[in-house]
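Here is a short briefing on one structure and its ligand site. Please keep the sequence and the 3D view open while reading.

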Amino acid sequence: TSESDLEKEIFSVQLKERQEKLKASNNVKAMQSFREKLPAFKMKAEFLKAVAENQVLVVSGETGCGKTTQLPQFILEEEISCLRGADCNIICTQPRRISAISVAARISSERGENLGETVGYQIRLESKGTVQTRLLFCTTGVLLRRLVEDPDLNCVSHLLVDEIHERGMNEDFLLIILRDLLPRRPDLRVILMSATINADLFSKYFGNAPTIHIPGLTFPVVDLFLEDVLEKTRYKIKSESDSFQVNSRRRRSREQDSKKDHLTALYEGVDVDSNYKNYSTTTRASLEAWSGALLDLGLVESTIEYICRHEGDGAILVFLTGWNDISKLLDRIKVNKFLGDPSKFLALPLHGSMPTVNQREIFDRPPPNKRKIVLATNIAESSITIDDVVYVVDCGKAKETSYDALNKLACLLPSWISKASAHQRRGRAGRVQPGVCYKLYPRIIHDAMLQYQLPEILRTPLQELCLHIKSLQLGAVGSFLAKALQPPDSLAVQNAIELLKTIGALDDMEELTPLGHHLCTLPLDPNIGKMLLMGAIFQCLNPALTIAAALAHRNPFVLPINMTEEVDAAKRSFAGDSCSDHIALLKAFEGYKDAKRNRRERDFCWENFLSPITLQMMEDMRNQFLDLLSDIGFVDKSKGPSAYNQYSHDLEMVCAVLCAGLYPNVVQCKRRGKRAVFYTKEVGQVTIHPSSVNAGKFTFPLPYMVYSEMVKTNNIFVYDSTNISEYALLLFGGSLTPSKTGEGIEMLGGYLHFSASKSVVELIRKLRGQLDKLLNK
Ligand code: ADP
Ligand code: MG
């Protein structure tokens, strides 16, 4: 050991010498003077002292004050300067991939190094770093997976958990683990970083851990509410039909009206005339027509145009609800007579799942006389800071998931943001000079907003989390989750456990089965993981890899404005007569691979409304999945791909494998008159989403459908679906129970009934027994 101690000592000295040499370079000096202007810099000594003296420290500060880029860097520089470089291993978690990469790149350039030297990053599928790396940015998910091998985080000296105020599920989960871990690792330093809101909550959770607040250096921001914006822009909100709707193909139903959120309902009770008597008649009429349930892109466009015509220089940051509005608004801007002039305006999208290549443009100052307009989702709220923003346009909404535990249903609806979020968004305008925030909602809506958003752990299905808790051997799921900052509903936990039992990941004692262990090692939703295993077992590995990649990442089909019919036609031609969105995905990907061999994938994507970036990502993910399957012994790579693809072109077999993966997501297809109608066990009648190749069909060859996603938006929609036979269900679906009448078998707790003779039932049981052995090997 003394030899390795010596090596470490030498390495520490080398790190220090190198750091000092780099500091002297002109580039780094220029960066240093930028860094010294950040509010975090003034707190450096106090921060380092607090880190040295406390096991847990909470740091809060306005977004942009330098928490993410400076605090980990202070620790790094200090450790290296004090010749502890060899022993320090700093990890900083980020909720999103895009911020992990951009922050690591930023710090490397501040240090005058290449990315991946002292500072690196690791996200799913991608990492940059070496054994030399001392500061690693990773997604919270990556750290949670690391805990499987290193439950005490023995290889970590300092752990910074960033953006905890967002209350993401992974972060809340990590906090429970850390609190239990601290007594076992007295030398570990944990630093929790949060925006200004809510810091107390975290301090309390960790036994009143000390808090440091970094005072912000922001300029005043003027707030304009909808009434003021309408007055300035003279925009007339017309009838609802002119506005953008969540799903424009469906007319607003009465049922939907009744589900309006409380804020909109509240607004409808307001007497516009007396409340807004100081405003012009057009404004009052517009306010009356305004409906909070909708996002009026015309209004957003007019507001941007108003700023460009009447306000001074400075970038505009627009907060929208998702990719859909961003791309629609981009399309509108392109054809806008004034804003569409590319010599004067630079309109850029900013979205969490965007490729990282275009990022520089977002941070860079545009050339003089050219205005930057960034159209973003809430990713720009706190994790990414664009310095030159002077104007914020806030639609006041974000797409929010919620979970209806009673109906086991995920919901995704644009809903009002919290006051805390509104404050964050507003703050983005005052970074370099006084700014203006254009809020596209009335003042009374703001006053009625919730203080904080509900944490994600209370808004999502919990099966992946439960599986993770089991794989980390953290005990009974219910009692573990009871230790959370805000514990989830017991019904939600129960649903998750039940699902894991149904797919065979947990046994009756709620312990992991061998299949459950395999599923834990796949960083995927357990259903998708099971599909992969079945693909390997039943020799349709390629299709399983492709479909799993699409489901785990995103659908490669894009939806350009006003092109829905053309996109539908492209999907249908890929699907052929399969009645399956998943087969359409598969064929699209195979077509892309063929086109790529002939170097015409660009054209292919363009002609078929496919995103080349998503397809490329899917290719990478397929390779990663293949590696994982080989790690757990389901694939022997030395045998070559042909050994696992004997049935890859047999679509019935592929659909059976899909059924095995997607069960219990089953829909019954029934006839009502000439139409096909669809039912599920939990919620009764559901609708096939209009974007599906199965939408609008009158008959189906087979009686069931499996689906990958069911979401309640303005209706209960089944997204991608595949028509399957009862044999697929009987052989590959969840556990069977003898029918109560004695004849045949039942599934889904009696919801599905199949008549079959005793000998057939017996045969099915035997086949399933063999399959169970293969899955649990
Ligand atoms: P916080 O985490 O407190 O919100 P950051 O450490 O992310 O703040 O950012 C501090 C400052 O560094 C920001 O004001 C921003 O201008 C600058 N910055 C951060 N990332 C980049 C980048 N990738 N390119 C240019 N500037 C950046
Ligand atoms: Mg930050």
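**Confidence**

This is a predicted model. The chain has an average pLDDT of 90, and 95% of the residues score at least 70. Residues 241-258 have a pLDDT below 50. In the model, that stretch still has 21 contacts beyond near neighbours in sequence. The scores for the model are ipTM 0.99 and pTM 0.86.

**Ligand 1**

- The shell around ligand 1 holds 15 residues.
- Its closest members are Gly 64, Lys 67, Thr 68, Thr 69 and Arg 106.
- Two elements, helix 5 (67-81) and helix 6 (97-111), give two or more residues to this shell.
- Helix 5 provides the largest share, with four residues.
- By character, the shell around ligand 1 splits into nine polar, three charged and three nonpolar residues.

**Helix 30**

- Helix 30 covers residues 612-631, which is 20 residues.
- From first C-alpha to last, helix 30 reaches 29 Å. That is close to the 28 Å expected at 1.5 Å a residue.
- Among the buried residues of helix 30 are three methionines, Met 617, Met 618 and Met 621.
- The buried residues of helix 30 also include Thr 614, Leu 615, Phe 625, Leu 626 and Leu 629.
- The packing partners of the buried residues in helix 30 are helix 25 (526-537), helix 26 (541-552) and helix 28 (581-597).
- Gly 633, just after helix 30, takes a positive phi of about 80°.

**Ala 420**

- Ala 420 lies in helix 19, which spans residues 419-427.
- Ala 420 counts as buried because 20 other C-beta atoms lie within 10 Å, and the cut-off for buried is 20 or more.
- Leaving out residues up to four places away in sequence, Ala 420 touches Ile 197, Gln 451 and Tyr 452.
- Arg 18 is 402 residues from Ala 420 in sequence. In space, the two are 43 Å apart, C-alpha to C-alpha.

**Strand 17 and its partners**

- Strand 17 (residues 666-672) pairs with strand 18 (residues 675-680) in the antiparallel sense, through five bridges.
- Arg 671 has Ala 676 in strand 18 as its bridge partner.
- The hairpin of strand 17 and strand 18 has two residues between the strands. In this hairpin, Gly 673 takes a positive phi near 60°.
- Strand 17 also pairs with strand 20 (residues 704-707), again antiparallel, over three bridges.
- The bridge partner of Gln 668 in strand 20 is Tyr 704.
- In a regular strand, side chains alternate between the two faces of the sheet.

**The sheet of strands 24, 25 and 26**

- Three strands make up an open sheet, ordered 24-25-26, with antiparallel pairing.
- Strand 24 (737-738) and strand 26 (752-754) are the edge strands, each pairing on one side only.
- Two bridges link strand 24 to strand 25 (residues 745-747), and this pairing is antiparallel.
- Opposite Pro 738 stands Ile 745 in strand 25.

Methods: Residues numbered from 1 in each chain as written. Chains lettered and ligands numbered in written order. Near = placed C-beta within 6 Å. Nonpolar A, V, L, I, M, F, W, Y, C, P; charged D, E, K, R; others polar. Pairing = 2+ DSSP bridges. Buried ≥ 20, exposed ≤ 12 C-beta atoms within 10 Å, placed from the backbone. Contact = placed C-beta atoms within 7 Å. pLDDT = per-residue confidence, 0-100. Expected span 1.5 Å × (residues − 1).
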